[in-house]
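Notebook open. I wanted to look up two things here: enclosed space and charged pairs.

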Amino acid sequence: MKYIKSFTAVALSLVQGSLGQTWCGKNYMANQSVVPPGGQFVLPPQSAQPLLAFRCAPVFRPYLEEDAKSAAIVIDTPIVYDWIDGAEPISLPSSGGSTVTDLGSLQVNISVGSVHTTANVPLNATGIQIPIDISKLISQKTTYNVSCSATYSAPSSSKSQEFNTYASLLYLPDTTASVTKTDLRTGALWVRPADGKGGPFAPFIPQGFYVAFDPYLVSNLSVIDDLKAAGFNTLHAIPPYDNLTSFQAVIEKAASSGMYIVYDMRSNYKNLTAVAQQVNAYVSIPNLLNWETAHEPDGNADPHNATELAYDLIYQMDGYHPVSIVLNCQDYDFSPYVIGADIVLHDAYPLGINGTFSPVWNTSCTPDFGHCGCDNCEGTMYDVKSRVQTYKDRLNIMGYDRTKSVWTTPQAFGSGAYWNSTPTGQQWAALGLTSFSHGAIGSKSYHYPTTTGNSTTIEAVATQVTVLTKEIIQPFLVDPLATYAYYDYKDVDAGLWYNGTTYLLLVVNMASTEIYVPWKDIGLARITNGTAQVKQVYPSLQNTNATGLNLKSGDIGIYTATP
């Protein structure tokens with residue numbers, strides 16, 4: 001991987017994004033007063049009584065004609081105690097002072113157009129799949145309404161309760177052009193090979209880099225070779241794409257290299273005529289992964305309906321590829337912008353900032369004022385962990401836990417503007433691992449070429465981590481039957497998956513000290529002899545023993561374990 005010796009171009013582009021009168025709704029210049037930004041996400045009130053958050057969604061978006069007889073609807077019936085979207089009171093069996101183990105089941109009826117099916121679904125369960133044959137429906141660009149109703153009678157009661165929810169199902173004609181499906185059980189994408197030569201759909205975790213089209217890609221296609229050699233599978237060219245001949249060469253080079261393209265409309269996504277022209281021009285390229293419309297609309301205070309208008313138009317014209325947006329703010333106007341997205345990325349870049357004082361604007365940074373390069377950040381790894389988890393939680397509260405996913409943007413730059421240092425390779429990898437541990441299902445780092453200029457840092461680590469992500473981590477993330485939980489043990493962040501036979505453990509020590517972590521405190525109580533049952537995949541230096549693992553400050557780890 002090559003590098004740039006100067007951070008000037010990257011820093012300038014980031015600072016220029018801050019030249020409006022406000023950023024994330026906040027004033028930030030010395031001659032401006034402090035005005036609370038507003039726009040905060042409203043958390044739902046709690047309930048003293050149990051609530052049912054009954055939800056349904058198609059397993060895949062879109063379905064093609066070839067999928068019609070294997071289609072399914074996924075049903076969720078969790079009991080919650082927050083008034084999240086769609087939650088309704090439910091009368092559960094009387095406990096009599098003891099724990100109730102048999103909550104019973106719901107009789108679920110599903111209707112999609114003229115197609116109907118029914119099934120019994122356990123109460124307080126997630127990810128229950130109900131097959132439905134949609135071959136009698138007509139494939140079309142317009143979505144079908146999915147009506148899901150449920151009837152519940154507690155085992156000790158003859159009184160029934162009714163619940164209803166709705167979803168959309170997109171059923172499109174078969175095509176030999178590129179298609180990106182989303183598995184709504186996991187949020188993972190499913191794609192055919194990027195070279196356009198055909199092949200079966202397979203699950204896919206994007207591992208990519210943002211790369212400026214000009215000056216890098218427009219004059220140097222070898223950048224694509226470098227990324228491919230380092231194990232990356234996705235290219236996000238930053239617009240404008242002023243030289244269309246060169247941009248076409250980038251697309252073709254990426255396709256022949258087996259890399260997918262994210263098409264970026266940030267420059268003009270609010271111009272619907274321009275959106276339509278771009279969709280028409282590039283919808284058929286063989287390696288199109290997804291459309292990206294708004295880049296930091298929250299920071300820029302774009303019109304609240306701008307992302308939704310672009311999203312609706314793209315789906316009217318295409319529907320075969322999802323739409324993503326990038327949000328910059330920690331808590332400013334989240335809700336209106338995510339309506340216009342299937343994929344929500346954060347771009348929190350905390351490493352190397354001063355979270356309380358801006359060296360660019362010579363002003364302080366508080367929740368109500370200032371721009372320090374990472375909104376409301378402390379300047380630690382925790383900021384990214386929190387940002388990903390917060391976005392996931394908000395989408396669940398809004399009822400989008402199945403239909404919208406979160407990706408991460410690991411920081412791969414620094415030493416200029418707001419940032420006084422550049423992430424090390426281990427820090428860069430840690431940003432990705434903690435993101436996966438909190439629900440991210442894709443990763444696009446910013447910015448390539450990296451600014452380290454040191455083959456022992458980001459460049460060297462990437463060649464190992466990308467391969468391990470594909471071969472070790474991805475199979476767990478895309479498995480709809482794998483269980484998942486995250487743990488925080490003395491500031492050691494841990495994500496744990498179990499596929500029925502093997503555990504996957506991702507850890508990042510965010511503490512400033514060395515921490516010993518017992519297996520039992522991060523969900524691995526079944527591990528009684530770590531020396532024999534745990535394999536340290538990365539790094540190779542063993543730091544485990546029979547009862548736990550020892551992590552120095554900043555340490556990361558990828559482990560598998562067999563109970």
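My entries below cover the cavity and then the salt bridges.

**Ground rules.** I am working from a predicted model, where local features need pLDDT of at least 70 and side-chain atom pairs count only at pLDDT 80 or more, while totals for chains, interfaces and linings use all residues. I number residues from 1 along each chain as its sequence is written, and my side-chain values use heavy atoms, with hydrogens and water left out.

**Cavity.** I looked for cavities (sets of points on a 1 Å grid over the protein atoms alone where a 1.4 Å probe fits but cannot get out). I found 1 cavity of 30 Å³ or more. Its volume, taken as the space filled by probe spheres set on the points, with grid points joined across faces, edges and corners, is about 120 Å³.

**Lining.** I counted 14 lining residues, meaning those with an atom within 4 Å of a point. Gln207, Trp428, Gly432, Ser443 and Val465 lie nearest the centre. Which element gives the most to the lining? I got H10, with 5 residues. The elements that give two or more are strand E17 (207-212), helix H10 (425-437), strand E26 (443-448) and helix H11 (458-477); these are DSSP runs numbered from the N terminus, helices being H or I of at least four residues and strands E of at least two. By class I have 7 nonpolar, 7 polar and no charged residues (nonpolar is Ala, Val, Leu, Ile, Met, Phe, Trp, Tyr, Cys and Pro; charged is Asp, Glu, Lys and Arg; polar is the others, Gly among them).

**Salt bridges.** I tallied 15 salt bridges (a side-chain nitrogen of Lys or Arg within 4 Å of a carboxyl oxygen of Asp or Glu). For each pair below I also checked burial (buried is under 20% relative accessible area, exposed over 50%, partly exposed in between, with a 1.4 Å probe and protein chains only).

- Lys444 pairs with Glu292, closest N and O atoms 3.0 Å apart. Lys444 is in strand E26 and Glu292 in strand E20 (residues 288-295), so the bridge ties together parts 152 residues apart in sequence. Buried or exposed, Lys444? Lys444 is buried at 0%, and Glu292 is buried at 0% too.
- Asp401 pairs with Arg55 at 2.8 Å. Asp401 sits in the loop between helix H9 (382-397) and strand E25 (405-407), and Arg55 in strand E2 (residues 55-58), 346 residues away. I have Asp401 as partly exposed at 29% and Arg55 as buried at 10%.
- Lys520 pairs with Asp521 at 3.4 Å. Lys520 is exposed at 58%, Asp521 partly exposed at 29%.

Last note: I found Lys385, Asp488 and Asp493 linked in a network of salt bridges.

Methods: 1 Å grid on protein atoms, 1.4 Å probe; cavity = no way out; pocket = protein on both sides within 12 Å on 5 of 7 lines; lining within 4 Å.
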